[in-house]
Amino acid sequence: MISEHTERTGKNPSVNKVLKYPEKGSYDIGKPGRDNYFGAGKVNAYRSLIMMNK
């Protein structure tokens, strides 16, 4: 995700952005929303890369 962000923007992403991309692209499992057991859900790397544009 770091290399993809750098390629698209010409700049290195901040730590916050690197942490947010997988969370934005994850599938919610368990109770709706973030929870203590599953966190943000199951990470989907492909979807996270797509979500970088949003």
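This report describes the fold, surface and salt bridges of a predicted protein model.

**Overall architecture**

The protein chain contains three helices and zero strands. Read from the N terminus, its elements follow the order α-α-α. The C-alpha trace spans about 40 × 20 × 15 Å along its principal axes. Of the 54 residues in the protein chain, 19% are buried. Among contacts in the protein chain with a separation of 6 or more, 30% are made by residues 24 or more positions apart.

**Surface and charge**

The protein chain has an accessible surface of about 4300 Å², and carbon and sulfur atoms account for 55% of that surface. Its charged side chains comprise 10 positive and 5 negative ones, and the centres of these two sets are 4 Å apart.

A nonpolar patch on the surface is formed by Ile29, Tyr37 and Phe38, which together have about 330 Å² of accessible area. Phe38, one of these residues, is located in the loop between helix H2 (15-24) and helix H3 (45-51). The relative accessible area of Phe38 is 36%, so this residue is classed as partly exposed, given that the partly exposed class lies between the 20% and 50% limits.

**Salt bridges**

The structure holds two salt bridges. In one of them, Glu4 pairs with Arg8, and the closest N and O atoms are 2.8 Å apart. Both residues, Glu4 and Arg8, belong to helix H1 (residues 2-9), where they lie four residues apart, or about one turn of the helix.

Glu23 forms a salt bridge with Arg34, with 3.7 Å between the closest N and O atoms. Glu23 is part of helix H2, whereas Arg34 is in the loop between H2 and H3; the pair therefore ties together parts that are eleven residues apart in sequence.

The accessibility of the four participating side chains' residues is listed below.

| Residue | Relative accessible area | Class |
|---|---|---|
| Glu4 | 25% | partly exposed |
| Arg8 | 39% | partly exposed |
| Glu23 | 44% | partly exposed |
| Arg34 | 61% | exposed |

Arg34, at 61% relative accessibility, counts as exposed, because the exposed class begins over 50%. Its partner Glu23, with a relative accessible area of 44%, is partly exposed. In the pair within helix H1, Glu4 is partly exposed at 25%, and Arg8 is likewise partly exposed, at 39%.

Technical notes. Residues are numbered from 1 along each chain as its sequence is written. This is a predicted model: local features need pLDDT of at least 70, side-chain atom pairs count only at pLDDT 80 or more; totals for chains, interfaces and linings use all residues. Side-chain values use heavy atoms; hydrogens and water are left out. Helices (H or I, at least four residues) and strands (E, at least two) are DSSP runs, numbered from the N terminus. Buried means under 20% relative accessible area, exposed over 50%, partly exposed in between (1.4 Å probe, protein chains only). Contact means heavy atoms within 4.5 Å. Accessible areas come from the Shrake-Rupley method with a 1.4 Å probe; for residues, only the protein chains shown count as cover. Lys and Arg count as positive and Asp and Glu as negative; His and the chain ends are not counted. The place of a charge is taken as NZ of Lys, CZ of Arg, CG of Asp or CD of Glu. Patches are made of residues with over 30% relative accessible area and no salt bridge: like charges are joined within 9 Å, nonpolar side chains (Val, Leu, Ile, Met, Phe, Trp, Tyr) within 5 Å. A salt bridge is a side-chain nitrogen of Lys or Arg within 4 Å of a carboxyl oxygen of Asp or Glu.
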